[in-house]
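Reader: I am new to this structure and would be grateful for a close, unhurried look at one part of it, the contacts between side chains. Please explain each term as you come to it.

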Amino acid sequence: MLLTYYGDLGWWPGHSYEIMIGAILVQNTAWSNVERSLENFAEDLTPQLVEKLTIEELITRIYPSGFYHAKAACIKNLTVWYKQYGYSVQTVQTQPLSKIRDELLAIRGIGAETADAILLYVFYFPTFVIDAYIKRFAERLPVPAARDYKTLQAYFSDNLEQDAILFGKYHILILEHGKKHCKKKPRCEGCPFMNECDFPKRQKSS
Ligand code: SF4
């Protein structure tokens, strides 16, 4: 239904390292601020460049995204981690998903959502990303799953073919739906889920 309504929205924009950095910069801020930070790198956003930058120089570039001290430290540590794989997507892909997830989660500033976003959008591991948009949408429909990260993730993962492309495109469609219709204050009129969703009915009966 999402695909029919919104069409194919593609993949997270940018090259692999840029996506990795974007996943950190977007924490607690709007994507427009991430874009302003990424513009400060022009065409040069490579792990080799970030390795050379001092923490102060990195902060200057990522300043528009906020929380720049913590995010700069996280980007530096993530880059050190990536270096052990020779900055190679293919080399990371030879490793088990659980190992890479544990390594990412061990980096300060990387939680489950960011780790899964990197695993999926950079390394094409089939792991479903759960974010605030998905939690809200799932709660309103509702889907028969608890609201905690792991249970909700298992609900999607267990009911879908284990296909990274499918997971990524599905996540992006729900994100779009959360921006266009299922916002904090939902715009239910015209929503393609009006017949399936419990939320408008619950509102009328309350
Ligand atoms: S009907 Fe309203 S609450 Fe339900 S999915 Fe659509 S926008 Fe969200």
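Author: What follows takes the ring contacts, then the salt bridges, and ends at the ligand. The model is predicted, so local features need pLDDT of at least 70 and side-chain atom pairs count only at pLDDT 80 or more, while totals for chains, interfaces and linings use all residues. Residues are numbered from 1 along each chain as its sequence is written, and side-chain values use heavy atoms, leaving out hydrogens and water.

Searching the whole structure yields 18 aromatic pairs (rings of Phe, Tyr and Trp, the last by its six-membered ring, with centres within 6.5 Å; planes under 30 degrees apart are stacked, over 60 edge-to-face, the rest tilted). Trp12 and Trp31 make one such pair, edge-to-face, with 5.8 Å from centre to centre and 80° between the planes. Because Trp12 belongs to the loop between helix H1 (2-6) and helix H2 (16-25), while Trp31 belongs to helix H3 (residues 31-39), their pairing ties together parts 19 residues apart in sequence (helices are DSSP runs of H or I with at least four residues, numbered from the N terminus). Trp12 has a relative accessibility of 15% and therefore counts as buried, whereas Trp31, at 26%, counts as partly exposed (buried is under 20% relative accessible area, exposed over 50%, partly exposed in between, with a 1.4 Å probe and protein chains only).

Another edge-to-face pair joins Trp81 to Phe123, with 6.1 Å between centres and 75° between planes. This contact links distant parts of the chain, 42 residues apart, since Trp81 is in helix H6 (residues 68-83) and Phe123 in the loop between helix H9 (112-121) and helix H10 (132-140). Trp81 and Phe123 are both buried, and they belong to one aromatic cluster together with Tyr17, Tyr82, Tyr85 and Tyr87.

From rings we turn to charges. Side chains of opposite charge can pair when their charged atoms come close. The whole structure holds 6 salt bridges (a side-chain nitrogen of Lys or Arg within 4 Å of a carboxyl oxygen of Asp or Glu). In one of them, Lys169 meets Asp8 with the closest N and O atoms 2.8 Å apart, and this pair links distant parts of the chain, Lys169 lying in helix H12 (residues 164-180) and Asp8 in the loop between H1 and H2, 161 residues apart. Lys169 is partly exposed at 28% relative accessibility, but Asp8 is exposed at 51%.

A salt bridge also connects the side chains of Glu51 and Lys83, at 2.5 Å from N to O; here helix H4 (residues 47-52), which holds Glu51, is linked to helix H6, which holds Lys83, across 32 residues. Arg101 and Asp116 form a salt bridge as well, at 2.8 Å from N to O, with Arg101 in helix H8 (residues 97-105) and Asp116 in helix H9, 15 residues apart. Of these two partners, Arg101 counts as partly exposed at 21% relative accessibility, while Asp116 counts as buried at 1%.

Finally, the charged end of Arg140 sits over the ring of Phe199, 4.9 Å from the ring centre (CZ of Arg or NZ of Lys within 6 Å of that centre and within 35 degrees of the ring normal). Arg140 and Phe199 are also among the residues around the ligand, which include Phe137, His177, His181, Cys182 and Cys188 (a heavy atom within 4 Å). The elements that give two or more residues to this shell are H10 and helix H13 (199-205).
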